[in-house]
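Got your viewer open? Let's take a short walk, starting with the whole chain and then picking out charged side chains.

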Amino acid sequence: MEKQHNAARLIELFKYLWNTTDREHYTTIVTIQHHLRELGFKPDRKTLTNDIEMLNSIGFFDIEHDRSIQNRYYVTRRYFQEADVRMLCDAVRSAHFISPETAKAFIATLETFVGPSAREDLRSP
């Protein structure tokens, strides 16, 4: 049961960092703890630091740890570059054979491949 709980915590941590952080939008351990507590987890600071190090060691994406003002964490490397996703969104918008509803849904899916600040840019044509 403990392994399942740890795995679930890691997945929720990954999802939170992926969906809410980038170079312009960082988070802190306290904010992460608050989010995970809302989901029923009770991680301490050291556990979260170890979890972040474990996620980084996988090499699938990078979580930057900025110690300049306070301990900030954010995702730096993603599947696609913002320019690549912008190009795909533009292609979907200009494709006459794709209905506006389908295009909007597809663009919403593409937005998940970039950080929060880039998502705002992709929504405008």
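What share of the 125 residues of the protein chain count as buried? The figure is 34%. Keep in mind that this is a predicted model.

**Whole chain.** Show the cartoon and follow the chain along its sequence: the pattern goes α-α-α-β-β-α-α-α, with 6 helices and 2 strands in total. The C-alpha trace spans about 50 × 35 × 25 Å along its principal axes. Switch on a surface and you're looking at about 8100 Å² of exposed area, with 56% of it supplied by carbon and sulfur atoms.

**Charges.** Now colour by charge. You'll find 17 positive and 18 negative side chains, and the centres of the two sets sit 5 Å apart. The salt bridge count comes to 4.

**Stop one: aspartate 51 and arginine 9.** Select both and check the N to O distance: 2.6 Å, a salt bridge. Aspartate 51 belongs to helix α3 (residues 45-58) and arginine 9 to helix α1 (residues 2-20), so this pair ties together parts 42 residues apart in sequence. Are they buried or exposed? Both are buried.

**Stop two: lysine 15 and glutamate 12.** Stay on helix α1, where these two are 3 residues apart, about one turn of the helix. Their salt bridge has its closest N and O atoms 3.3 Å apart. Lysine 15 is partly exposed, at 38% relative accessibility.

**Stop three: helix α4.** Go to residues 82-94 and pick arginine 86 and aspartate 90, 4 residues apart. They form a salt bridge, with closest N and O atoms at 3.9 Å. Arginine 86 is partly exposed at 24% relative accessible area, and aspartate 90 is partly exposed at 34%. Add Arg93 to the selection: Arg86, Asp90 and Arg93 are linked in a salt-bridge network.

Notes
Residues are numbered from 1 along each chain as its sequence is written. This is a predicted model: local features need pLDDT of at least 70, side-chain atom pairs count only at pLDDT 80 or more; totals for chains, interfaces and linings use all residues. Side-chain values use heavy atoms; hydrogens and water are left out. Buried means under 20% relative accessible area, exposed over 50%, partly exposed in between (1.4 Å probe, protein chains only). Accessible areas come from the Shrake-Rupley method with a 1.4 Å probe; for residues, only the protein chains shown count as cover. Lys and Arg count as positive and Asp and Glu as negative; His and the chain ends are not counted. The place of a charge is taken as NZ of Lys, CZ of Arg, CG of Asp or CD of Glu. A salt bridge is a side-chain nitrogen of Lys or Arg within 4 Å of a carboxyl oxygen of Asp or Glu.
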